[in-house]
Structures are given as C-alpha cells and as structure tokens.
Amino acid sequence: MCGLFSSSRALCLALLCTVLAGCAGHAPTPRGEVKGASASPGELAQSDTNRMASLAMQENLEGLFRLMDKLYRRNPAEWRKGGVASREQAIDQVRVAVIQRQPWAPLQGRRDIAAMGLALAPEFAGDRVAAFIHATADMIITAHGGKTEFFLLDGVDAQHLYNAARNVESAVWLLAQRRNAQGQPLLLADEIGAQGRNLSFEREFGKIIARLDLLAAFTTEKYRRAAISYVQGIVGGTFLQFLPVR
C-alpha cells in the first residue's frame with residue numbers, strides 16, 4: 001500500500017515537473033510595452049492634472065484617427081466622395097483640420113454636437129466618415145474648454161467631460177441603429193456574422209469613453225480633496241501643534 005502511494009506521488013511530481021518545464025520553455029508573446037513621452041520644457045508649466053488631461057486628449061484624438069482609418073477601410077466609398085487620391089490623404093486632411101481647429105466645409109459651419117447631428121443624419125450626402133470624426137473630435141475639444149494641451153492656469157469642467165462621454169455613447173448607438181434611405185447602416189463598423197466577429201470599433205470607442213469618464217471623476221475628486229485638505233490644515237494648525245519640552 002505504501003509502495004503504491006509512493007508511486008502515485010512520484011508520478012504526480014513527474015507530471016508537475018513536465019508541465020512547469022513546458023511553461024518555462026515558451027516565452028510569452030510580446031505585446032508591446034508602456035513608453036513615456038519625451039520630456040519637454042513646456043512640462044515645467046504643467047501640474048500632474050494638466051499632464052494627465054493633455055495625455056488623455058492626445059490619446060482620444062489618436063483613437064478617433066484610428067477609427068477613421070478603420071471606417072474608411074470598411075466604407076471606401078466615403079473617402080472617394082471628398083475628391084482625394086487615397087484613403088491616407090483623406091485621413092491627413094481631417095487630422096490637420098482637427099489639430100488646427102479648422103471648420104469642415106461639408107458640415108456647413110456647424111460645430112460640436114450640432115455638427116455630430118448633421119454627420120449622423122441619414123440625408124447627409126458628403127463623406128460621412130470625415131464629417132463624423134471631425135465633429136466628434138470638435139465636440140471633445142469643446143468639452144475641454146477648446147484646448148488640446150493644458151497648463152497651470154487651465155482647468156476643465158468635470159460635467160462637460162462627463163457629457164462628452166455620453167455623447168460618444170449616443171453616437172456609437174446611432175451608428176449601429178440608423179439606416180439610410182436604402183435601409184443600410186449609415187456606416188459599416190462592428191460585425192458579428194458567419195464570417196467572424198469584429199468588435200474592434202466598439203473597443204476603440206470604449207477606450208475614449210473610459211478616458212473621458214476617468215478624467216471627469218479625477219477632476220471632481222481633485223476639487224473635493226482640495227476642500228478636505230483645507231479643513232485638515234485648519235484642524236491640524238489648531239490641535240496638532242508641537243508642544244514645548246523645556
């Protein structure tokens with residue numbers, strides 16, 4: 001009986017060693033690494049909150065540009081409406097207009113949520129991808145007080161950031177639900193079908209929404225903590241003074 005137990009234990013140990021050896025023999029697949037931005041003189045005029053808001057804005061805009069590329073790939077007829085030679089050229093034009101805060105002519109002078117409403121209207125006949133990305137970027141920048149980079153004298157409104165996140169959620173829902181006159185989706189995006197699942201659009205939109213919500217919560221918490229720190233300073237100044245010992 002003891003010999004049988006010893007044999008079983010030895011077998012288990014051998015199997016465990018085999019599994020561990022197999023795990024150790026295969027390195028995990030590289031998936032990139034976190035890289036910080038290069039230091040710049042302008043950072044001397046930024047608080048931690050300013051820096052966080054600037055990085056979040058940069059990532060949100062880059063996320064929209066990635067979505068633009070993906071939407072153009074699924075809807076190539078859209079970039080051709082703009083009279084450009086390639087998808088890349090169409091992306092570059094929108095990128096420059098967004099970064100330089102230039103209006104987008106097909107949006108008829110509308111900005112912010114009014115521009116989003118036009119871009120998602122079934123009757124809109126222009127390049128819907130360009131109009132939608134430009135309008136959404138403009139809405140997000142407007143929610144940040146019209147700025148894309150933030151310094152010590154700059155502040156953001158937490159409620160405006162929260163509202164911007166809800167606007168992006170509404171836009172994603174409208175893209176999925178609205179149809180044109182032919183009964184087709186306004187733009188092809190996420191897909192679940194016999195050929196497979198493509199939910200990359202939802203994930204990218206979700207990242208933008210999450211950043212906006214996090215910055216809104218962080219901004220609210222910053223002001224709340226400032227009030228608490230002020231009270232703690234008063235209490236500490238009254239009751240937590242050092243006493244003489246000689």
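**Exercise 1. The largest pocket**

How many nonpolar, polar and charged residues are in the lining of the largest pocket? Work on the predicted model shown above, and describe the pocket as well as its lining.

Solution.
- Step 1. Start with the volume: the largest pocket has about 240 Å³.
- Step 2. Find the elements around this space. Helices α7 (158-177) and α8 (200-239) are the elements that give two or more residues to the lining of the largest pocket.
- Step 3. List the residues. The lining has 13 of them, and those nearest the centre of the pocket are Leu 175, Ala 176, Leu 187, Ala 189 and Asp 190.
- Step 4. Sort the lining by class. Nine residues are nonpolar, four are charged, and no polar residue is present.

**Exercise 2. The overall layout**

Give the order of the elements from the N terminus on, and state what share of the residues counts as buried.

Solution.
- Step 1. Count the elements: the protein has eight helices and two strands.
- Step 2. Read them from the N terminus. The order is α-α-α-α-α-α-α-β-β-α, with both strands placed between α7 and α8.
- Step 3. Turn to burial. The protein has 246 residues, and 32% of them count as buried.
- Step 4. Take the surface next. About 15,700 Å² is exposed, and 60% of this area comes from carbon and sulfur atoms.
- Step 5. Look at the contacts between residues at least 6 apart in sequence. Of these contacts, 68% join residues at least 24 apart.

**Exercise 3. The largest cavity**

Which element gives the most to the lining of the largest cavity?

Solution.
- Step 1. Establish what there is to examine: the structure holds one cavity of 30 Å³ or more. The space in the largest cavity is about 30 Å³.
- Step 2. Write down the lining residues: Ala 97, Val 98, Arg 101, Arg 111, His 134, Ala 137, Asp 138 and Ile 141.
- Step 3. Assign them to elements. Both α4 (87-99) and α6 (128-143) supply at least two residues. The most come from α6, which gives four.
- Step 4. Classify the lining: four residues are nonpolar, one is polar and three are charged.

**Exercise 4. Two loop residues with positive phi**

Arg 101 and Gln 108 each have a positive phi. Locate both residues and decide whether each is buried, partly exposed or exposed.

Solution.
- Step 1. Recall the background: most residues other than glycine have a negative phi.
- Step 2. Read the angles. Phi is about 60° at Arg 101 and about 55° at Gln 108.
- Step 3. Locate the residues. Arg 101 is in the loop between α4 and α5, and Gln 108 is also found in the loop between α4 and α5.
- Step 4. Apply the cut-offs: exposed means over 50% relative accessible area, and buried means under 20%. At 31%, Arg 101 is partly exposed. At 57%, Gln 108 is exposed.
- Step 5. Link back to Exercise 3: Arg 101 is one of the residues that line the largest cavity.

**Exercise 5. The buried face of α5**

Why do the buried residues of α5 line one face of the helix?

Solution.
- Step 1. Identify the buried residues. In α5 (residues 112-119) they are Ala 115, Met 116, Leu 118 and Ala 119.
- Step 2. View the helix down its axis. The buried residues of α5 fall within an arc of 165°, so they line one face.
- Step 3. Compare with the general rule. An α-helix has 3.6 residues a turn, so residues three or four places apart point the same way.
- Step 4. Name the cover: α6 and α7 are among what covers the buried residues of α5.

**Exercise 6. Two buried residues of α2**

What do Asn 50 and Met 57 touch, leaving aside residues up to four places away in sequence?

Solution.
- Step 1. Place both residues. Asn 50 lies in α2 (residues 48-74), and Met 57 is in α2 as well.
- Step 2. Check burial. The relative accessible area is 5% for Asn 50, which is buried. Met 57 is buried too, at 1%.
- Step 3. List the contacts. Asn 50 is in contact with Ala 45, Phe 150, Phe 151, Leu 152 and Asp 154. Met 57 touches Ile 140, Ile 141, His 144, Lys 147, Thr 148 and Phe 150.
- Step 4. Add the C-alpha distance: Met 57 and Leu 212 are 155 residues apart in sequence and 8.7 Å apart in space.

Terms used. Residues are numbered from 1 along each chain as its sequence is written. This is a predicted model: local features need pLDDT of at least 70, side-chain atom pairs count only at pLDDT 80 or more; totals for chains, interfaces and linings use all residues. Side-chain values use heavy atoms; hydrogens and water are left out. Buried means under 20% relative accessible area, exposed over 50%, partly exposed in between (1.4 Å probe, protein chains only). Contact means heavy atoms within 4.5 Å. Accessible areas come from the Shrake-Rupley method with a 1.4 Å probe; for residues, only the protein chains shown count as cover. On a 1 Å grid over the protein atoms alone, a cavity is a set of points where a 1.4 Å probe fits but cannot get out, and a pocket is an open set with protein on both sides within 12 Å along at least five of seven lines; lining residues have an atom within 4 Å of a point. Grid points are joined across faces, edges and corners, and a volume is the space filled by probe spheres set on the points. Ala, Val, Leu, Ile, Met, Phe, Trp, Tyr, Cys and Pro count as nonpolar, Asp, Glu, Lys and Arg as charged, and the others, Gly among them, as polar. The arc is that of the directions from the helix axis to the C-beta atoms.
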